[in-house]
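Student: Could we go through this structure together? I would like to begin with how its strands pair and then turn to its pockets.

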Amino acid sequence: MNDWNADDTVLKVIDVNDFVRLNFPPRKLWLEPWLSDGSLIMIHAQTGVGKTHLTLNIAHTLATTGEFLGWHASKPVSVLYIDGEMAKDDLQSRLKSIIAGTGKEPGKGKLRILARSTQLN
C-alpha cells in the first residue's frame, strides 16, 4: 500500500493484487435486504410522488425496528434525516402520522431531523 499526498490530502493507493487478498468484515444490514452500512442511496422522482413519505418511513423504521414495504429492520440505529425543501409544519405532520400509525415513538436521539425550514426565521 502506498500513500499519495497532494495538498495535505492522503489517499491510500493499493495494488489490485493486494486489494483482492484483503479480508473485509461483512457489512451490517440495517434494512434487509438492501440497505447496509456504508451504502450511498439516492432517491429521485418528480415533486409530489411520495419521496418524503418513503424516506421518512424508512428513517422511522430504522430508528424503531420493524417492517416497512417488506423491508425489515431488526435493530434500532441512530438516523439523521436531512430535508432541504419541505415546510416544517408539513414535515411535522407527516412524522406525527407515521408515529401514530405505527404506534412506535423513536427512542431519544434515535431519529434526528435537520430541516432547511427550521433553519430559517
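Tutor: One definition is needed beforehand: two strands pair if DSSP finds at least two bridges between them. Please also keep in mind that this is a predicted model.

Student: In which sense do strand 7 and strand 8 pair, and over how many bridges?
Tutor: Strand 7 and strand 8 (residues 111–115) run in the parallel sense, paired over 5 bridges. Within this pairing, L80 is placed opposite R112 of strand 8.

Student: Which residues of strand 7 are on the covered face?
Tutor: V79, Y81 and D83 are on the covered face of strand 7 (residues 79–83), whereas L80 and I82 are on the uncovered one.

Student: What do strand 7, helix 3 and strand 8 make?
Tutor: Together with helix 3 (residues 88–102), the two strands make a β-α-β unit, and this unit is right-handed.

Student: Pockets next. How much space lies in the largest pocket?
Tutor: The largest pocket holds about 660 Å³ of space. It is lined by 26 residues, of which I41, I43, T55, I58 and Y81 are the closest to its centre. Strand 4 (35–36), helix 2 (51–64) and strand 7 each give two or more residues to that lining.

Student: Which element gives the most, and what classes are present?
Tutor: Helix 2 gives the most, with 6 residues. By class, the lining of the largest pocket has 15 nonpolar, 7 polar and 4 charged residues.

Student: And what is the volume of the second largest pocket?
Tutor: Its volume is about 150 Å³. The lining of the second largest pocket includes K51, H53, E85 and R94. Helix 2 supplies the largest share of that lining, 3 residues. The classes there are 2 nonpolar, 5 polar and 3 charged.

Definitions and conventions:
Residues are numbered from 1 along each chain as its sequence is written. This is a predicted model: local features need pLDDT of at least 70, side-chain atom pairs count only at pLDDT 80 or more; totals for chains, interfaces and linings use all residues. Side-chain values use heavy atoms; hydrogens and water are left out. Buried means under 20% relative accessible area, exposed over 50%, partly exposed in between (1.4 Å probe, protein chains only). Helices (H or I, at least four residues) and strands (E, at least two) are DSSP runs, numbered from the N terminus. A crossover is right-handed if, with the strands pointing away from the viewer, the path from the first strand over the helix to the second runs clockwise. On a 1 Å grid over the protein atoms alone, a cavity is a set of points where a 1.4 Å probe fits but cannot get out, and a pocket is an open set with protein on both sides within 12 Å along at least five of seven lines; lining residues have an atom within 4 Å of a point. Grid points are joined across faces, edges and corners, and a volume is the space filled by probe spheres set on the points. Ala, Val, Leu, Ile, Met, Phe, Trp, Tyr, Cys and Pro count as nonpolar, Asp, Glu, Lys and Arg as charged, and the others, Gly among them, as polar.
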